[in-house]
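Here is a quick tour of one chain, going from the broad layout to individual side chains. Keep the viewer open and follow along.

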Amino acid sequence: MFDLDKWQEILGTMRRNKLRTFLTAFGVFWGIFMLVLLLGAGKGMENGIWKEFGGGAMNSLFVSAGKTSLPWQGLQPGRELKFTNDDLEAIRQQVDGVELLAARNRLFGEYTIVNKTKNGSYQVFGANAEFFQLNGETLTQGRLLSPLDGMERRKVMIMGEKVRKVLFGDAPAIGQYVQVKGVFFKVVGIFTTTQNNGRNEERAFVPFSTFQTTFNQYNQVQRIGISSTKGTPVKQLEDQVRTLLARRHQFDPADKQALELDNNEEEVKRFEGLFTGIKLFVSVIGVLTLVAGVVGVSNIMLIIVQERTREIGVRKALGATPWSIISMIVQESVVITSFSGYLGLLFGVALLDFVRYLLEKAGGTTSYFDHPEVNLGVAVSATLLLVISGAVAGLIPAMKAANVKPIEALRAE
């Protein structure tokens, strides 16, 4: 039953002891506030890192040719390796567990893409249809490159959203022709991507076979992408590919510089380990926050009981029950912890929203940090747990107060 007199008494006690109440409340507020910020920052880092992966396949391996650093069967180190179309076919036929096999070449440097009176310097790549399933470009208009484009060596192009804005502005791009090194390509698709902080939208792709013949890179393969079938570890593919290419290009399989290998599955595992560590760190901080809040509230309540010993003695002499004494102390503890905990949660969420707004306004230019947020269920649970802990913390001093003998309390100074 709601007891107005008791609530007025609690508020009156808090007003008479403003500094003590403020310090207790601030300790709880700061603990919840920092807990929310840590949870939000950890989630922001996790979102940012997954954003860098974009929509790319997590079970993928990318291979580029390097330079040998070890001698092998009479051959000197320092040889530059170059992949060919035959290497692609060998991987397709001799490596077990391959789901997708992709190839990608690029024109070194930036080349001008011209649309009538507008132009811009961008990176131009050649890729087959499977590459986009591995790399994670997201289509916004038109279509992606198809296997038929490669088979017929069609002069078609897809471009990133940033390229489209410069070359076409608000005008339609699909079906229009652009020029690269004097060769015309028909625009068939526009894509977007979050990889490389969005800078990968400053790229254009043409079919791989068209690229090889048009730009004099016949039978050259610069980068190979592979994804594994379900149940096949990417590390198993990596070992098979290394052994196969070492045999074909005559280099030591133990030569780490002969091939540049990007194993996305291993990267994902490393990041998942990092996120587990971050969550563990935040959990430890959260527990310490709760402990510090409980200890702080308990100490303040003990001081309150000591200061109000004579008052408690008078109450008991006038017939106050132990439960009324206990509820008075516990309620004051709950009021302080619940109100300050709620404010800490509110201010923490508000600050995360403000940071998220600034990031969105800046166009998401911050690498490895994106959309900081907090699981409200976890934050509210922590606040409720702190309130319950505050009640428990107030219970011990309250039990002490309830056991005060009136005659001894009246003698206290």
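## Helices, strands and membrane annotations

A word on terms before we start: helices (H or I, at least four residues) and strands (E, at least two) are DSSP runs, numbered from the N terminus. Bear in mind too that this is a predicted model.

With that in hand, take residues 21–41: the span is 100% helix and 0% strand, and its end C-alpha atoms sit 30 Å apart. Residues 334–354 also come out as 100% helix and 0% strand, with 30 Å between the end C-alpha atoms. Both stretches appear in the unreviewed UniProt entry, which lists residues 21–41, 280–305, 334–354 and 374–396 under "transmembrane region".

## The chain as a whole

So what does the secondary structure of the chain add up to? It comes to 13 helices and 11 strands. The chain has 413 residues, and 46% of them count as buried.

Looking at contacts with a separation of 6 or more, 77% are between residues 24 or more positions apart. As for the outside, the chain exposes about 21,300 Å², with carbon and sulfur atoms supplying 59% of that area.

## A nonpolar patch on the surface

Back to the early part of the chain. Leu19, Phe22, Leu23, Phe26 and Trp30 make up a nonpolar surface patch of about 560 Å². One of these, Leu23, belongs to helix H2, which covers residues 18–53.

## Two nonpolar cores

Now for the inside. The largest nonpolar core holds 23 residues, and the members touching the most others are Val63, Ile91, Ile224 and Ile226. At least two core residues each come from strand S1 (60–65), helix H3 (85–94), strand S2 (98–106), strand S10 (223–228) and helix H8 (234–249). H8 gives the largest share, 6 residues. There is also a second, separate core of 20 residues, whose members include Ile113, Phe168, Ala173 and Ile190.

Ile226 is a handy place to centre the view. Leaving aside residues up to four places away in sequence, its contacts include Asn59, Ser60 and Leu61, along with Ile91, Val98, Leu100 and Leu101. Leu134, Leu237 and Val241 touch Ile226 as well.

## Salt bridges

How many salt bridges does a search of the whole structure find? The answer is 10. One of them pairs Glu267 with Arg270, where the closest N and O atoms are 2.3 Å apart. These two residues are separated by about one helical turn, because they are 3 residues apart in helix H9 (residues 264–307). Glu267 itself is partly exposed, at 28% relative accessibility.

Elsewhere, Arg143, Asp149, Glu152 and Arg154 are joined into one network by salt bridges that share partners. Within it, Arg154 bridges to Asp149, with 3.0 Å between the closest N and O atoms. Arg154 also meets the side chain of Glu152 in a salt bridge, at 2.9 Å from N to O.

Is Asp149 buried or exposed? With a relative accessible area of 0%, Asp149 is buried. Its partner Arg154 is partly exposed, at 27%, and Glu152 is partly exposed too, with a relative accessible area of 48%.

Technical notes. Residues are numbered from 1 along each chain as its sequence is written. This is a predicted model: local features need pLDDT of at least 70, side-chain atom pairs count only at pLDDT 80 or more; totals for chains, interfaces and linings use all residues. Side-chain values use heavy atoms; hydrogens and water are left out. UniProt positions are given in the numbering used here, feature names are shortened, and annotations may be inferred rather than shown by experiment. Patches are made of residues with over 30% relative accessible area and no salt bridge: like charges are joined within 9 Å, nonpolar side chains (Val, Leu, Ile, Met, Phe, Trp, Tyr) within 5 Å. Accessible areas come from the Shrake-Rupley method with a 1.4 Å probe; for residues, only the protein chains shown count as cover. A salt bridge is a side-chain nitrogen of Lys or Arg within 4 Å of a carboxyl oxygen of Asp or Glu. Buried means under 20% relative accessible area, exposed over 50%, partly exposed in between (1.4 Å probe, protein chains only). Contact means heavy atoms within 4.5 Å. A nonpolar core is a set of buried Ala, Val, Leu, Ile, Met, Phe, Trp, Tyr and Cys residues joined through side-chain atoms within 4.5 Å.
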